[in-house]
Amino acid sequence: QDYDISLVAEEEEVYDINVLTQTDNADVVESPPSKGNGRFSSLEAFQQAAPRPAEVCLPSSGEFYNMPERLSAMSTGSISSSAFRLSQDYRELCLDFSSKKFRTIDGSCNNLRNWGTSFKPVSRILPARYQDGVGSPRTKASDGTPLPGARFVSLAVHPAVTDLTSRPIIAMQWGQWIDHDITGFPAATSPNGPLVCCGPNNTSPPANTDPNCFPILLPASEEDFVGTCMSFVRSNAATDANGCQLKPRRQVNSVTPFLDASQVYGSTDAVAASVRDAGDFLLKTKNEKFLPENVNSSCIRRPGTNDYCFLAGDFRVNQHPYLQSLHTVFLRDHNRIARKLRALRPNDSNENIFQLSRKIIGALQQMITYNEWLPVILGQTAKKLGLVSKTGRTKFQSRVDPRILVEFSSAAMRFGHSLIPAEFPIGDRRVPLRQLFNRPGDVLDNLDDVTAGMVGVGTPGKRNTQKVDRNFVVEITKHLFEPPTAPKRGLDLVSFNIQRGRDHGIAPYTTYRALCGLRPVRGFKDVKALGPNVADLAKIYKSVNDIDLFTGLVHEPVLPGSNGLVGPTLACILGTQFYNLKFGDRFFFDTDDKSVGFTDKQLQSLRKVTLAKVICANTDITALPKDVFNFPSRSNPLIPCDRHEGLDLSLFA
Ligand code: HEM
Ligand SMILES: [Ca+2]
């Protein structure tokens, strides 16, 4: 109910962020370890193989410990009703886990509850708000009337106003890079392959559309897309061992939630095997320099060139050149480190050299994320929650659940879409993002120019990333993945984010704000909570308590003094997830458990490395500032690449 804010005494914004706990799903206690789920060489293969919900679903007997059943259970992220059996199983498969020095590829056996294995259901902070209570998307407002359509919301409250931060574009790009390390929702499919959820030429879908279709219906006033429908497929629903959907519906994370560089190495044994030559200590490359080719993938190749589509540990690798750049830089860094270690440890096995290199790359991912990136995003909150890890060692907490919270991957972490600028500098060009999707050419031609543009030292001069606010560039709200020859047939990422939240039954924004201990929103005049444009929200939502989580989060103003880029509820959800990914990871890079961690000297040396050093060591860029999340300045001067401190690998001899 809206009421007059002037009647409410002004109070200070109380802002003391603590981490949240997830709901206690009965089935979260343990889930089966999945040594064997590497059957699938790609996400597509996984999706084809995922069993359809059976016609008749009997209550699960819990008796699914013969192999075929177990494999299918693992691949669909199903979970058992019998914790006892699972712990038995877990003990069997993770028997030697205390003697294991390296992470498994699929994240299994990280912790006693076996949380954090790929292709397992995500966790959640609050119970789902499905419209039917079990699985249908949230489509109605609190008074029972329909919610405004996702595209309608996108058009009404997410315009393309430009508002820049003082940061280079890497502040955005690192976020997407690590997002692909920690989250990935596989889409539902039909027995015949991918689902198409609109009629021909984007007309409204026929009546018998697949139940996993949840198309975005375009408003009558739509000018940017042809037709009346934008295809949207629901995320794959986790099933039990009998192929029956779990109730309430749960989504699956196809990648390991740990920051373990799984976008480089893969989250299943099959993908891991595809990115390296069996028995070798190196990752596969093309011509020693670039990512290997994925012959099963499609991308846009320039005629008359040798352009090819990339293969990496994550299937999203081809999306755009800045993402491809980080994939290439870390691929090269693995091979650079592995070659040195090979020489330093002549008696060691290739497998050990590979795993040791992988462990160092994983440590770099965590260090850059917690010490360089998160302080930029969360400001004070990063320190307050103990996320910054520049000194000392981290004590693993076995009760902290590292699994991805559905609210994080469906809404909060997508804040990064607001950071995306319209143009990406590459050499002396500034290329509109719509011209870069799915094209490997720029990285193959000139990785250095792509990378320099990303970290703000390219030739067109300073190019800043956008602020986190309600604004999104048209490159992603009108022209996402638009085919070059088919105008108005792109997608709207903001509509997708909103629709995805509804697909996953995410509760509205105000619920999370309250949970984070912030004062309630005082209706549609509450500029302090919902920002200067709150009146626009009033035009489309009936109550503040209907606002979609994603939309609410990017409306919240950044609190004065927070020194970060995000508002308080966003800081709360992001902080919670990154807290869980630090303290709930037995292999966190600075763990005090020396049996899996680094020696004091190794850690000390490792801590000198910054993203700048990694880029210097693997490109022909000649100078970078120590902190690439800030532009070069008097306090962050350009330093020749050979003077950046690196990891002393002789400490691993
Ligand atoms: C050019 C840059 C980017 C593009 C083109 C892009 C595009 C996309 C697309 C198409 C999706 C799938 C949407 C859906 O079906 O629900 C997605 C999901 C997502 N994006 Fe981005 N994105 C970009 C940058 C970022 C950044 C900077 C971040 C974070 C800081 C981010 C975080 C996410 C997350 C967490 C998801 C959900 C992934 C999952 O769990 O499946 N993205 N993005
Ligand atoms: Ca991972």
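Modeller: Let's start with Pro248, which sits in the loop between β6 (229-230) and β7 (252-253). Keep in mind that we're looking at a predicted model.

Biologist: What makes the peptide bond from Lys247 to Pro248 special?

Modeller: Its omega is near -10 degrees, and the bond is cis.

Biologist: Next, Phe119, in the loop between α3 (83-93) and β1 (120-121). What sign does its phi have?

Modeller: Positive, about 55 degrees, although Phe119 is not a glycine.

Biologist: And why is Phe119 called buried?

Modeller: Buried means under 20% relative accessible area. Phe119 has 7%, so it counts as buried.

Biologist: How about Asn438, in the loop between β9 and α12? Why does that one count as partly exposed?

Modeller: Partly exposed runs between the 20% and 50% cut-offs. Asn438 has 31% relative accessibility, so it lands in that class. Its phi is near 65 degrees, again a positive value in a residue other than glycine.

Biologist: On to helix α12 (residues 441-454). How do you know that it isn't straight?

Modeller: A straight helix of 14 residues would span 20 Å at 1.5 Å a residue, whereas α12 spans only 16 Å between its end C-alpha atoms.

Biologist: Where does α12 bend, and by how much?

Modeller: At Leu447, by about 100 degrees. Just after the helix, Gly456 takes a positive phi of about 80 degrees.

Biologist: Why would you say that α12 is largely enclosed by the rest of the structure?

Modeller: Because 10 of its 14 residues are buried. Leu447 is one of them, and others include Gly441, Asp442, Val450 and Met454.

Biologist: What covers those buried residues?

Modeller: The cover includes β2 (164-168), α5 (170-182), α8 (321-344), β8 (423-426), β9 (429-432) and α21 (611-618).

Biologist: Asn618 lies in α21. Which residues does Asn618 touch, leaving out those up to four places away in sequence?

Modeller: Val329, Arg332, Asp333, Arg336 and Leu447.

Biologist: What makes the pairing of Asn618 and Asp333 a polar contact?

Modeller: The cut-off for a pair of N or O atoms is 3.5 Å. Their side chains are joined at 2.9 Å, so the pair falls inside that limit. Asn618 has a relative accessible area of 6%, so it is also buried under the 20% rule.

Biologist: Let's turn to the ligands. Why is His417 called a donor of the iron atom of ligand 1?

Modeller: A donor here is an N, O or S atom within 2.8 Å of the metal. The NE2 atom of His417 lies at 2.1 Å, so it qualifies, and it is the only protein donor of that iron. His417 itself is in the loop between α11 (406-410) and β8.

Biologist: Which residues come nearest to ligand 1?

Modeller: Of the 23 residues around ligand 1, they are Asp179, Thr183, Phe185, Arg414 and His417. As for helices, α5 gives the most to that shell, with four residues, while α14 (493-503) supplies at least two.

Biologist: What polar neighbours does ligand 1 have?

Modeller: Among them is Thr183, with a side-chain N or O atom 2.7 Å from an oxygen atom of the ligand. For Arg414, a side-chain N or O atom is likewise 2.7 Å from a ligand oxygen. Gln176 puts a polar side-chain atom 3.4 Å from a ligand nitrogen.

Biologist: And the calcium ion, ligand 2: how do you know that its listed atoms are donors?

Modeller: For Ca the limit is 3.2 Å. The protein donors lie 2.3 to 2.4 Å from the ion, so they meet it. They are Asp181 (O), Asp181 (OD), Thr256 (O), Thr256 (OG1), Phe258 (O), Asp260 (OD) and Ser262 (OG).

Biologist: What spacing do the calcium donors follow along the chain?

Modeller: D-x74-T-x1-F-x1-D-x1-S.

Biologist: Why are Asp260 and Ser262 called buried?

Modeller: Asp260 has a relative accessible area of 4% and Ser262 has 2%. Buried means under 20%, so both are in.

Biologist: Last one: which residues does Cys516 touch, setting aside those up to four places away in sequence?

Modeller: Leu20, Thr569 and Cys572. Cys516 is in the loop between α15 (509-515) and α16 (527-530), and at 9% relative accessible area it is buried.

Definitions and conventions. Residues are numbered from 1 along each chain as its sequence is written. Chains are lettered from A and ligands numbered from 1 in the order in which they are written. This is a predicted model: local features need pLDDT of at least 70, side-chain atom pairs count only at pLDDT 80 or more; totals for chains, interfaces and linings use all residues. Side-chain values use heavy atoms; hydrogens and water are left out. The expected span of a helix is 1.5 Å times one less than its number of residues. The bend at a residue is the angle between axes fitted to the seven residues ending there and the seven starting there. Buried means under 20% relative accessible area, exposed over 50%, partly exposed in between (1.4 Å probe, protein chains only). Contact means heavy atoms within 4.5 Å. A residue is near a molecule or strand if one of its heavy atoms lies within 4 Å of it. A polar contact is a pair of N or O atoms within 3.5 Å; within protein, one must be able to donate a hydrogen and the other to accept it, and residues adjacent in sequence count only if both atoms are side-chain atoms.
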